[in-house]
Protein chains: 2
Amino acid sequence: MSGTRPAKVEIVDVCARDGLQNDKVMVSTADKLDLVRRLAGAGLRRIEATSFVNPKRVPQMADADAVLEGLAGMRDLSVSALVLNEKGFRRALEHRLDEITFVIPLTQTMAERNQGTTPEALADSWRSIARPAAQAGLFRSVTIAVAFGCPFEGRVDPAAISALAARIADAGADEISLADTIGVAAPAEIEEGFARLAEAAPGLAMRAHLHNTRNTGYANADAAIRAGVSTLDASLGGLGGCPFAPGATGNIATEDLAYMLDRSGVQSGLDQAALREAALWLEGIMGRRLPGQLAHVGPAPQPQLAA
Amino acid sequence: MSGTRPAKVEIVDVCARDGLQNDKVMVSTADKLDLVRRLAGAGLRRIEATSFVNPKRVPQMADADAVLEGLAGMRDLSVSALVLNEKGFRRALEHRLDEITFVIPLTQTMAERNQGTTPEALADSWRSIARPAAQAGLFRSVTIAVAFGCPFEGRVDPAAISALAARIADAGADEISLADTIGVAAPAEIEEGFARLAEAAPGLAMRAHLHNTRNTGYANADAAIRAGVSTLDASLGGLGGCPFAPGATGNIATEDLAYMLDRSGVQSGLDQAALREAALWLEGIMGRRLPGQLAHVGPAPQPQLAA
C-alpha cells in the first residue's frame with residue numbers, strides 16, 4: 001500500500017553524530033560546531049550532535065561534552081544526543097540538551113555486539129529512563145536499529161517491530177524511529193515496517209533513519225513519507241559509512257533529500273544553496289568527495305534567457 | 001497518486017549505448033559484444049546495443065554495424081538500436097535488429113541542439129517510419145527525451161507530454177518511454193508524467209529511462225512502476241554520464257535496480273550474482289569504479305550459522 005505524500009517533512013541532520021562516528025578523519029570540536037552552525041543557517045531545526053559512548057570504542061565522540069557545551073543555548077535549534085544506556089542518560093542530564101535518542105536494536109546479536117546486552121534489557125532500561133527524561137523536559141526519541149536487516153542475523157521478522165514498538169510506546173516516548181542501519185531495505189519493506197509501527201504505537205510520531213548503501217535510500221525515504229513518516233534523518237554530504245558494510249556509502253544526503261522532497265512538492269524548509277555550500281565545505285574538512293550529488297551537479301537547470 | 005507495484009518488471013540494459021556513448025574510454029567492439037553476452041547470461045532479454053549517429057559526433061558508436069553483426073542471431077535476446085532520424089532508420093533496416101528506439105526531445109532547444117530539427121519535424125519523421133518499421137517486423141519504441149526537464153529550457157510543461165505522446169501513438173508505436181535525460185526529476189513528477197502518458201496513449205506499454213544524477217533515480221524507478229510502467233532502462237554499473245551535467249553519475253545501475261525490485265517483491269528475472277560479476281568486469285574495462293553499489297557492498301547479509 002502506498003499513501004500520498006505529506007505537505008511537509010522535517011529533516012534531522014545526523015552528520016555530526018552518525019556521519020562522523022566511524023570516520024577515520026578526526027574532526028576538531030571547532031569544526032563540529034561550525035558544521036552545526038552551517039546546518040542551522042541552512043534551516044535545519046533538529047540536529048543529532050553527538051553520542052554518549054565509550055571514547056575508546058568511538059574516539060570521534062570523545063568530545064561529546066565539549067560539543068554540547070559549544071551548542072548550548074543556540075536559538076531555534078533542537079539539539080539531541082544519542083544515548084545507549086542508563087549511564088549515557090545520566091551524562092545527558094548534565095547538559096542543556098533538547099532531545100535524547102535512545103537506541104534499541106531489533107535483534108539479539110546486534111544488541112549484544114553493539115551494546116553488550118539484549119533488546120529486552122534495553123527496553124527495560126528505556127522504561128526506567130522514559131519518565132525522568134520527560135520530567136527533565138527532554139523530547140524522547142527511540143530508534144529501533146537494524147529494523148530491516150541485521151549484519152549478523154540477516155532478514156528480520158517484521159512482527160518483531162510491532163512487539164518492540166508496543167513496549168517502547170507503553171513505557172513512554174515522543175517519537176519512534178525505524179533505522180535501516182546497514183542499508184539493505186527496499187521500499188516495500190519500509191512500507192510494511194512503518195505500517196507495523198503505526199499499528200503498534202498509534203498516534204506516535206514516526207521517524208526514519210536510512211542509509212544509501214545499496215542505492216535504495218532515497219526510494220526508501222519516499223516510501224517512508226508515503227507511509228506516514230513525518231521526520232527523516234539525513235547527513236550533510238551523505239557522510240556516514242557503516243562499520244558493518246565496508247565500502248558503503250553513508251546516510252542519505254541532506255541536500256539531495258531536500259532536493260527530492262521540494263521537487264515532489266513536499267516542503268523541507270531548507271535552503272538548498274546553503275546546504276550545497278556547506279557540503280562543499282565539509283568535503284574540504286574530510287579531504288574527499290562525499291556521496292551527495294547536489295553539491296557537484298547543482299540544482300536543475302533554469303531557463304536560459306534569450307541573448 | 002501512488003499505485004501498487006506490479007508482480008514483475010522488465011529491465012532493458014542500455015549500457016552498450018547510453019552507458020558508453022559519452023565516455024572518454026574507447027571500448028573495443030569485442031568488449032562490447034562480451035558485455036552484451038554477459039548481460040544476456042545474467043538474464044537480460046532486451047538490450048539497447050548501439051545507435052546510428054554521426055561517428056564524428058559520437059566516436060564510441062562508430063562500430064554500430066560491427067556490434068550489430070556480432071549480435072545477430074543471439075537467442076533469447078531482443079536487440080535494439082537508437083534511431084534519431086530517417087537516415088538512421090534506413091541503416092537499421094540493413095541489420096537483423098529486433099527493435100528500434102526512436103528519440104523525440106520534448107523541447108525545441110534540445111531537438112535543435114541534439115538532432116538539428118524540431119520536435120514537430122521529428123514527430124512527422126516518426127509518422128513516415130512507423131509503418132515500414134512494423135512491416136519490417138521491428139518492435140517500435142519511441143522515447144520522449146528531456147520529459148522532466150531540459151538543460152536549456154529548464155522545467156517543462158507536463159501538458160507537452162500529453163500532446164507529443166498522442167501524436168506518437170496516432171502514428172503507431174508499440175511502447176513509449178519518458179526519459180529523465182539530465183536526471184532532474186523527483187517521484188511526484190514521474191507520477192504526473194506517466195499519468196499524462198497513460199491518458200494520451202491508453203493501453204500502450206510504458207517505459208522509463210532514468211538517470212541518478214541527483215540521487216533521485218531509484219526513487220523515480222519505484223514511482224514509475226507504481227504509475228504503471230512495465231519496462232525500466234538501466235545500465236550495468238550505472239555507467240553513463242550525461243554530457244549536459246558534468247560530474248553526474250549515470251543511468252540507474254542494472255544490478256542495484258534488480259536488488260531493489262526483487263526485495264520489494266517485484267520480479268526482474270535477473271541473476272544478481274552474475275550482474276555483480278559483470279559489473280566488476282566492466283569496471284576493469286573502464287579502469288575506474290562505477291556508481292553501482294551492489295558489486296562493492298554485496299547483497300544483504302545472510303544469517304550466520306552457529307559455529
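Asp222(A) is buried, with a relative accessible area of 3%, where buried means under 20%, exposed over 50% and partly exposed in between (1.4 Å probe, protein chains only). The exercises below work outward from this residue. The model is predicted, so local features need pLDDT of at least 70 and side-chain atom pairs count only at pLDDT 80 or more, while totals for chains, interfaces and linings use all residues. Residues are numbered from 1 along each chain as its sequence is written, chains are lettered from A in the order in which they are written, and side-chain values use heavy atoms, with hydrogens and water left out.

**Exercise 1.** Determine which side chain meets Asp222(A) in a salt bridge, and where the two residues lie.

Solution. Begin with the criterion, which asks for a side-chain nitrogen of Lys or Arg within 4 Å of a carboxyl oxygen of Asp or Glu. The side chain of Arg226(B) meets that of Asp222(A) at 3.6 Å, N to O. This pair crosses between chains, from helix α9 (residues 217-226) of chain B to helix α9 of chain A, helices being DSSP runs of H or I with at least four residues. Next, check the accessibility of the partner: Arg226(B) has 5% relative accessibility and therefore counts as buried.

**Exercise 2.** Find salt-bridge partners for Glu189(B) and Glu191(B) in chain A.

Solution. Take Glu189(B) to begin with, which pairs with Arg263(A), the closest N and O atoms being 2.7 Å apart. Here the pair runs from helix α8 of chain B to helix α10 of chain A, and both residues are buried. Then turn to Glu191(B), which forms a salt bridge with Arg5(A), again with a closest N to O separation of 2.7 Å. Arg5(A) lies in the segment before β1 (10-13) of chain A, whereas Glu191(B) belongs to helix α8 (residues 187-200) of chain B. Because their relative accessibilities are 18% for Arg5(A) and 8% for Glu191(B), each counts as buried.

**Exercise 3.** Describe the interface of chain A and chain B by its residues and its buried area.

Solution. Count the residues in contact (heavy atoms within 4.5 Å): chain A gives 51 and chain B gives 51. Then take the buried area, the accessible area (1.4 Å probe) that two parts lose on being put together, summed over both, which is about 3,700 Å², with 49% of it on carbon and sulfur atoms. Arg214(A), Asn215(A) and Arg263(A) supply 21% of the area that chain A buries against chain B, more than any other three residues. Finally, the salt-bridge rule finds six pairs across this interface.
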